[in-house]
Amino acid sequence: MKIKIHNIGDELGPEKILLLRQPRIALEAIVVVDNVACGPAIGGVRMAPDLTIDEIYRLSRAMTLKNAAAGLPHGGAKAGIIADPACSYEQKEKLMRTFARMIRSVTEYIPGPDMGTNEECMAWVDDEIGRAAGLPRVLGGIPLDEIGATGFGVAVAAEVAATEAGIPLKESHLAIQGFGAVGRHAANFLGKRGAMLVAVSDSQGAIQNQNGLDVDALIKHKKEGSPVHTFSGGQAISRDELVGIKCDIWIPAARPDVLTENNVDQLKARLVIHGANIPATETAEQLMHKRGILNIPDFIANAGGVICAAVEFRGGSESQVMETIEEKIRTNTVEILERSKKENLLPREAAVKMACNRVKRAMAYRRT
Ligand code: NAD
């Protein structure tokens with residue numbers, strides 16, 4: 001086995017760690033069901049060659065907190081198939097179908113798509129065991145990246161937090177790192193609320209225009225396969241310069257740990273909305289807090305995707321998805337901002353406390 005067990009676990013979970021192996025087709029997989037007190041756990045199935053139990057456990061805990069914070073009737077879990085996601089189509093189907101059959105009896109876990117898997121993979125899982133979220137549209141799925149579920153939630157969090165930070169959204173300047181599913185939809189939805197996009201980056205470079213970038217034209221440019229820095233409506237800058245760009249709201253929507261103690265002092269924005277997962281190190285978040293830069297943590301701001309999956313799982317419609325995201329992310333952002341002020345906590349600390357309290361209250365109803 002490639003997988004090693006570390007010292008993991010606390011009073012919340014995990015409840016189950018499953019190591020699955022089917023040598024006939026070279027399947028090795030890890031499933032961690034962290035906590036199901038709030039309901040059956042929803043969490044993605046990741047496919048990558050270098051997954052560890054520790055990583056899957058940490059991701060499963062993040063799902064417990066995200067689902068509880070969003071007030072969903074779902075616990076947290078995550079699964080990992082240790083394989084190359086670029087394997088042949090036939091091998092991928094075999095891996096997904098075999099994986100699904102092996103978790104048939106783990107009915108408290110509802111798999112969804114994640115890095116290296118997609119809607120088609122979920123269709124195979126659903127076909128085998130009748131249980132999956134993030135399905136293709138033809139099977140009743142709601143394509144969350146197409147409708148911009150996460151970017152929409154990020155925009156809602158930004159709207160609430162901008163008021164708290166004293167930034168009039170209609171006159172605000174916005175910079176976004178990453179122009180993929182989360183970043184471009186956040187730009188679009190915030191543009192509709194009056195914010196002006198002044199800088200954006202992707203993996204190949206960045207572009208800025210203090211008079212505003214045309215979001216629709218930039219989305220079209222990107223869809224044609226061109227990187228953002230070649231867009232004619234602005235001036236190309238380096239990816240690293242994006243951190244220090246003059247703006248009010250800065251949205252990381254690409255990679256983890258992009259704001260660190262080494263670059264966070266360059267930030268001019270007064271508000272940072274975490275579209276990506278763990279985009280700032282703990283120290284960077286503390287330094288921002290000291291400088292009065294308001295941060296809305298990832299599992300509050302980027303919960304739109306899992307809210308979409310939960311609504312889809314109950315047979316809800318696309319408009320119900322947007323309404324639910326609006327309502328839940330608005331309420332939660334208000335609540336963590338109030339708690340962080342009242343209890344003198346970082347917004348992330350307030351959010352973790354709120355989510356853990358909800359899980360513990362749900363656990364109290366469970367038979368021991
Ligand atoms: P994506 O692959 O669609 O887009 C990622 C974007 O980031 C691309 O434009 C890419 O070019 C850019 N990028 C990559 N490296 C970069 C770098 N070093 N500097 C600047 N830009 C860079 O991915 P996505 O779905 O938009 O996800 C973005 C982040 O949000 C990830 O951290 C993901 O885990 C998180 N997230 C996504 C969702 C969702 O619903 N898609 C939900 C929750 C969290």
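**Exercise 1. How far apart do the C-alpha centres of domain 1 and domain 2 lie?**

Start with the source. This is a predicted model, where local features need pLDDT of at least 70, side-chain atom pairs count only at pLDDT 80 or more, and totals for chains, interfaces and linings use all residues. Residues are numbered from 1 along each chain as its sequence is written, and side-chain values use heavy atoms, without hydrogens and water.

Next, take the bounds, which come from an automatic or database domain assignment. Domain 1 covers 16-66 + 75-141, and domain 2 covers 149-304 + 333-350. Their C-alpha centres lie 30 Å apart.

**Exercise 2. Work out the strand order of the open sheet, then find its edges.**

Step 1: define the parts. Strands (E, at least two residues) and helices (H or I, at least four) are DSSP runs, numbered from the N terminus. Two strands pair if DSSP finds at least two bridges between them.

Step 2: read the order. Five strands run β1-β2-β4-β3-β5, with mixed pairing.

Step 3: find the edges. β1 (16-22) and β5 (109-113) each have a single partner strand, so one side of each is left without a neighbour in the sheet.

Step 4: check one pair. β3 (residues 41-48) and β5 pair in the parallel sense over five bridges. G44 has G112 in β5 as its bridge partner.

**Exercise 3. Sort the lining of the second largest pocket by residue class.**

Step 1: count the lining. There are 15 residues, with Q177, S201, R239, R255 and V258 nearest the pocket centre. A pocket is an open set of points on a 1 Å grid over the protein atoms alone, where a 1.4 Å probe fits, with protein on both sides within 12 Å along at least five of seven lines; lining residues have an atom within 4 Å of a point.

Step 2: sort. Five are nonpolar, six polar and four charged. Asp, Glu, Lys and Arg count as charged; Ala, Val, Leu, Ile, Met, Phe, Trp, Tyr, Cys and Pro as nonpolar; the others, Gly among them, as polar.
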